[in-house]
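This report is for a reader who has not met this structure before. Please look over the sequence and the model first, then read on.

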Amino acid sequence: MATPRVFIIRHGETEWSLNGRHTGNTELPLTVNGEKRISATGQALVGDDRLIVPSQLAHVYVSPRKRAQRTLELLNLGCRERLPWQEEHQFEVVNIRTNAKVEIDDDVREWDYGKYEGLTSATIREQRKNNGEGSWDIWRDGCPGGEYEKYAPRHMDIPAHATTPDHQQISPSGSTD
């Protein structure tokens, strides 16, 4: 059996990512340029002779954020079934290239920046300096009102079910079911 491969694709450009503002829970659309760049990325990376071969995809996990879902749409994988966020009238069966199941998964969502949502790193460091808190490192200090460093690893780990052979679930004891 072939070794499973995992592709991680970040959402396209938003106004906040364009100017360096931390974006977690805030719903922001992709910019026009962001949509163009993701479409071009899809053309370059997705296809029978490309890095991502749609017919070989088994499962796609996407963040609950609309910008991530729009990014997936623009990659043009050619999913057989409608995407979980699409209404029936929005779905048209054309150019089917994959039978992959698409699932909205909170485990791959963006970081929760709490009180730092919408701020740049420079602004955060300046605020902390003015409050006598010292320098800021997201991995060391976390985000007040948001996620803390002890939770960061869950955003770094691929869910176990994404990489196990035949998508078997692994129980806490390590056995498969």
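## Helix H3 and what surrounds it

Immediately after helix H3, Asn-76 has a positive phi of about 55°. The model discussed here is predicted.

The protein chain contains 6 helices and 2 strands. Read from the N terminus, its elements follow the order α-α-β-α-β-α-α-α. The chain has 177 residues, of which 36% count as buried. Taking contacts between residues at least 6 apart in sequence, 61% join residues at least 24 apart.

Helix H3 is mostly covered, with 7 of its 10 residues buried. The buried residues in H3 are Arg-67, Ala-68, Gln-69, Thr-71, Leu-72, Leu-74 and Leu-75. The cover over them includes H2, strand E1 (59-62) and E2.

Arg-67, which is in helix H3, has a relative accessible area of 0% and is buried. What does the side chain of Arg-67 reach at 2.6 Å? The partner is the backbone oxygen of Thr-26. Leaving out residues up to four places away in sequence, Arg-67 touches His-11, Thr-14, Thr-23, Gly-24, Thr-26, Glu-27, Leu-28, Leu-30 and Glu-110.

Leu-72 is another of the buried residues of H3. With neighbours within four places in sequence set aside, Leu-72 is in contact with Val-60, Val-62, Leu-77, Leu-83, Trp-85 and Val-102.

In the loop between H3 and E2 lies Gln-86. Gln-86 has a relative accessible area of 14%, and therefore counts as buried, since the limit is under 20%. Not counting residues up to four places away in sequence, Gln-86 touches Glu-73 and Phe-91.

## Helix H2

Helix H2 covers residues 32-45, which makes 14 residues. At 1.5 Å a residue the helix should span 20 Å, and its end C-alpha atoms are indeed 20 Å apart, so the two values agree.

Which residues of H2 are buried? They are Gly-34, Ile-38 and Gly-42. Viewed down the axis of H2, these buried residues fall within an arc of 75°, so they line one face of the helix. The buried residues of H2 pack against helix H3 (66-75). On the face of H2 turned away from its buried side are the exposed residues Val-32, Lys-36, Arg-37 and Gln-43.

## Nonpolar cores

The largest nonpolar core is made of 13 residues, and Val-60, Leu-72, Leu-77 and Val-102 are those with the most contacts inside it. E1 and H3 each contribute at least two residues to this core. Another core, of 7 residues, lies apart from it, and Trp-111, Tyr-116, Ile-124 and Trp-136 are among its members.

## Aromatic pairs

How many aromatic pairs does a search of the whole structure find? The search gives 3. In the pair of Trp-111 and Trp-139, the ring centres are 5.7 Å apart and the planes stand at 75°, so the pair is edge-to-face. Trp-111 lies in the loop between strand E2 (101-104) and helix H4 (121-130), while Trp-139 lies in helix H5 (residues 138-141), so this pair ties together parts that are 28 residues apart in sequence. Trp-111 counts as buried at 8% relative accessibility, whereas Trp-139 counts as partly exposed at 47%.

Tyr-116 and Trp-136 also form an edge-to-face pair, with 5.3 Å from centre to centre and 80° between the planes. Tyr-116 is in the loop between E2 and H4 and Trp-136 is in the loop between H4 and H5, so the pair ties together parts that are 20 residues apart in sequence. Tyr-116 counts as buried at 5% relative accessibility. Trp-136 is buried as well, with a relative accessible area of 9%.

The table sets out these accessibilities.

| Residue | Relative accessible area | Class |
|---|---|---|
| Trp-111 | 8% | buried |
| Trp-139 | 47% | partly exposed |
| Tyr-116 | 5% | buried |
| Trp-136 | 9% | buried |

Ring pairs also join Trp-111, Tyr-113 and Trp-139 into a cluster. Trp-111 thus appears both in this cluster and in the core of 7 residues.

Definitions and conventions. Residues numbered from 1 in each chain as written. Predicted model: local features only at pLDDT ≥ 70, side-chain atom pairs only at ≥ 80, totals over all residues. Heavy atoms only, no water. Helix = DSSP H or I, 4+ residues; strand = E, 2+ residues; numbered from the N terminus. Expected span 1.5 Å × (residues − 1). Buried < 20%, exposed > 50% of the residue type's maximum accessible area, 1.4 Å probe, protein only. Arc of directions from axis to C-beta. Contact = heavy atoms within 4.5 Å. Polar contact = N/O pair within 3.5 Å; in protein donor to acceptor, adjacent residues only side chain to side chain. Phe/Tyr/Trp six-rings, centres within 6.5 Å; stacked < 30°, edge-to-face > 60°. Core = buried A, V, L, I, M, F, W, Y, C linked by side-chain atoms within 4.5 Å.
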